[in-house]
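Trainee: I am new to this structure and would be grateful for a close look at a single part of it. Please choose the part and explain how it is put together and what lies around it.

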Amino acid sequence: MKNICLFLFFVMLCDVSFSQSVNFADPDSILIGNKKLPKVLLVGSWHFNYPGLDAHQIKEENRINIFTEKRQKELQELLDYISIFKPTKIAVEGGRNSGYIIRRYERWKSGESSLGASEVDQVAIRLMDRFNLDTLYGVDAYPLILELNDNRDSTLPKGYIDDILDKHYFGGDDEMSKKYSEFYNYSDKMKLENTLLDNFLYLNSDKNLDRDFGSYISAGFFKSDDYEGVDALSMFWVNRNLRIFRNIQNIDYNDDDRILVLFGAGHISILKFFFECSPEFELIDFTRLKEFKP
């Protein structure tokens with residue numbers, strides 16, 4: 001017994017000694033060094049104008065009217081919070097030809113028309129005005145699977161892409177899909193009971209973002225018997241967000257820029273992963289903005 005104890009002690013001592021003798025460099029000491037990086041703030045939102053394009057449809061009675069006096073006051077609180085970041089560039093969920101958004105901004109500034117209900121109008125355009133920015137960057141993208149479908153030869157027999165598109169690859173009647181539906185309905189009701197800022201802090205918390213992406217890989221068609229669900233997700237959702245990330249990379253930015261990215265909350269978890277992995281940007285935590293020093 002004594003010999004066994006001595007042996008285990010020796011093994012532990014060797015393990016500690018080895019771990020102390022191996023000093024690996026922080027990867028960023030090589031990949032970044034002392035280089036200053038542009039800062040990125042990801043802000044996930046629900047669509048204030050409820051266009052009905054998302055997989056989860058919010059019931060009429062659970063929708064927030066952004067134009068009420070109460071919500072407009074809360075909107076100022078939200079804008080003040082995001083303004084801590086002092087954005088120098090703003091990227092939004094819109095087409096790359098963002099001229100139509102700029103025209104909307106110009107008509108609003110001239111008093112010709114009011115802003116719409118969307119988060120682009122109520123948040124991005126108002127911040128653009130607050131910080132005297134001259135443009136917004138539309139960085140949304142069309143996913144590969146739809147691009148392939150649009151460009152296919154219609155005279156040929158249907159193939160694998162058509163088979164995937166014919167199925168409902170988001171949501172389902174399985175147990176996990178039902179749980180997510182319950183969770184989303186709960187979140188919708190909670191939005192009514194909380195301020196806009198509190199809702200945004202919750203939406204953009206790490207746990208909520210992780211679980212939100214979990215709906216794509218834990219439920220519904222993703223768990224098809226073969227790889228159809230996997231292929232659909234990778235060619236549609238993952239590909240769309242990779243293209244969005246690439247569009248953001250293509251913005252004409254410099255090391256001093258602070259880039260605000262405003263998108264539907266479903267995009268944020270995967271975009272967050274891309275930015276966390278990239279040595280080209282410094283990602284700022286939305287929930288800890290009060291600690292941020294521009």
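Mentor: Let us begin with a term: two strands are said to pair if DSSP finds at least two bridges between them. In general, the strands of a sheet pair through backbone hydrogen bonds, and they do so in either a parallel or an antiparallel sense.

The model before you is predicted. Its chain holds 12 helices and 5 strands, and of the 294 residues 42% are buried. Among contacts between residues at least 6 apart in sequence, 81% join residues at least 24 apart.

The part I have chosen is the sheet. This open sheet has 5 strands, which stand in the order E3-E2-E4-E1-E5 with parallel pairing. At its edges are strand E3, residues 137-138, and strand E5, residues 282-284, each of which pairs on one side only.

We may now walk across the sheet, starting from E3. Strand E2, which covers residues 89-92, runs parallel to E3 and is joined to it by 2 bridges. At this junction, Ala91 stands opposite Tyr137 in E3. As a general rule, side chains in a regular strand alternate between the two faces of the sheet. In E2, Lys89 and Ala91 point one way, while Ile90 and Val92 point the other way, and all of them are buried.

On the way to the next strand, E2 and E4 pair in the parallel sense over 4 bridges. Val92 has Leu262 as its bridge partner in E4. Strand E4 is mostly covered, with 7 of its 7 residues buried. E4 also pairs with E1, to which it runs parallel, and here 7 bridges join the two strands. In this pairing, Ser45 stands opposite Gly264 in E4.

A helix accompanies the sheet. With the edge strands E3 (137-138) and E5 (282-284) again in mind, note that helix H12, residues 265-277, packs on the sheet and touches strand E1 (39-45), strand E4 (258-264) and E5. The direction of H12 makes about 160° with that of E1.

H12 and E5 lead us on to a neighbouring feature, the second largest pocket, which holds about 160 Å³ of space. H10, H12 and E5 are the elements that give two or more residues to its lining, and H12 gives the most, with 3 residues. The lining includes Leu42, Leu209, Ile268, Lys272 and Leu283. By class, 6 lining residues are nonpolar, 1 is polar and 4 are charged.

Finally, we may follow H10 a little further. This helix covers residues 206-218 and contains Asn208. Asn208 has a relative accessibility of 10%, and a residue is called buried when this value is under 20%; therefore Asn208 counts as buried. Leaving aside neighbours within four places in sequence, Asn208 is in contact with Phe183, Tyr202 and Leu203.

Note on methods
Residues numbered from 1 in each chain as written. Predicted model: local features only at pLDDT ≥ 70, side-chain atom pairs only at ≥ 80, totals over all residues. Heavy atoms only, no water. Contact = heavy atoms within 4.5 Å. Axes fitted to C-alpha atoms, helices over the stretch in contact; angles between N-to-C directions. Buried < 20%, exposed > 50% of the residue type's maximum accessible area, 1.4 Å probe, protein only. 1 Å grid on protein atoms, 1.4 Å probe; cavity = no way out; pocket = protein on both sides within 12 Å on 5 of 7 lines; lining within 4 Å. Points joined across faces, edges and corners; volume = space filled by probe spheres on them. Nonpolar A, V, L, I, M, F, W, Y, C, P; charged D, E, K, R; others polar.
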